[in-house]
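This report covers the overall fold, the burial of two helices and the setting of one loop residue.

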Amino acid sequence: MKIEADINQGQFKIDAYAAGSVTVAGIHYSTNIIITPEAVIEGRLPDNTHSLAEPHVTTILEFNPEIVIFGSGRTLTFPPDEICEMLYVRQIGFEIMDTGAACRAFNFLSGEGRLAVAALFQIN
């Protein structure tokens, strides 16, 4: 699905998503990615949200997000409780949703100037 959003120039936005890929700034990613308004990071996420561990969240926390969006693929799957606890104790908001909804939420929040970080797991 192609996404259109009015976002400040110079910031990354998600252009489109489909089964097996997410397009950011015209580049197709076929792996799980972390996206911030200023960066796209590959190779730092496990295969699925069930396998998220502290090192993965530590990478996300390096960006000092005010909200973290987990896009869990086609279906809604939750990360381990310890991961949610890591964010909760730091008073960082987080949402868990399917990857399509996470792409739209990331664009909306970053378009509002919020420091959102999305961990996107591919739609299979």
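Accessible areas here come from the Shrake-Rupley method with a 1.4 Å probe. On that basis the chain exposes about 6400 Å², and carbon and sulfur atoms supply 50% of this area. The coordinates belong to a predicted model.

**Overall fold**

The chain contains 3 helices and 8 strands. Their order along the sequence is β-β-β-β-β-α-β-α-β-α-β. A compact globule of 124 residues would have a radius of gyration near 14 Å, and the 13 Å of the chain therefore agrees with that rule. Along the principal axes, the C-alpha atoms fill a box of roughly 35 × 30 × 20 Å.

Of the 124 residues in the chain, 51% are buried. Among contacts with a separation of 6 or more, 64% are accounted for by residues 24 or more positions apart. The chain carries 7 positive and 15 negative charges, and the mean positions of the two sets lie 6 Å apart.

**Helices H1 and H3**

The table sets out the buried residues of two helices.

| Helix | Residue range | Buried residues |
|---|---|---|
| H1 | residues 54–61 | His 56, Val 57, Thr 59, Ile 60, Leu 61 |
| H3 | residues 99–111 | Thr 99, Gly 100, Ala 101, Ala 102, Cys 103, Phe 106, Asn 107, Leu 109, Ser 110 |

The cover over the buried residues of H1 includes S4, S6, helix H2 (81–89) and S8. For the buried residues of H3, the cover includes strands S1 (14–18), S2 (21–24), S4 (33–35), S6 (67–71), S7 (93–97) and S8 (116–120).

The length of H3 can be checked against its residue count. At 1.5 Å a residue, its 13 residues should span 18 Å; the end C-alpha atoms are 18 Å apart, so the span agrees with the expected value.

**Ser 72**

Ser 72 sits in the loop between S6 and H2. Is Ser 72 buried or exposed? Its relative accessibility is 10%, and the cut-off for buried is under 20%, so Ser 72 counts as buried.

Which residues touch Ser 72, leaving aside its neighbours within four places in sequence? They are Thr 49, Thr 77, Met 97, Asp 98, Thr 99 and Phe 121. Of these contacts, Thr 99 is also listed among the buried residues of H3. Ser 30 is 42 residues away from Ser 72 along the chain, and their C-alpha atoms are separated by 14 Å.

Note on methods. Residues are numbered from 1 along each chain as its sequence is written. This is a predicted model: local features need pLDDT of at least 70, side-chain atom pairs count only at pLDDT 80 or more; totals for chains, interfaces and linings use all residues. Side-chain values use heavy atoms; hydrogens and water are left out. Helices (H or I, at least four residues) and strands (E, at least two) are DSSP runs, numbered from the N terminus. The radius of gyration is taken over C-alpha atoms; the globule rule is 2.2 Å times the number of residues to the power 0.38. Buried means under 20% relative accessible area, exposed over 50%, partly exposed in between (1.4 Å probe, protein chains only). Contact means heavy atoms within 4.5 Å. Lys and Arg count as positive and Asp and Glu as negative; His and the chain ends are not counted. The place of a charge is taken as NZ of Lys, CZ of Arg, CG of Asp or CD of Glu. The expected span of a helix is 1.5 Å times one less than its number of residues.
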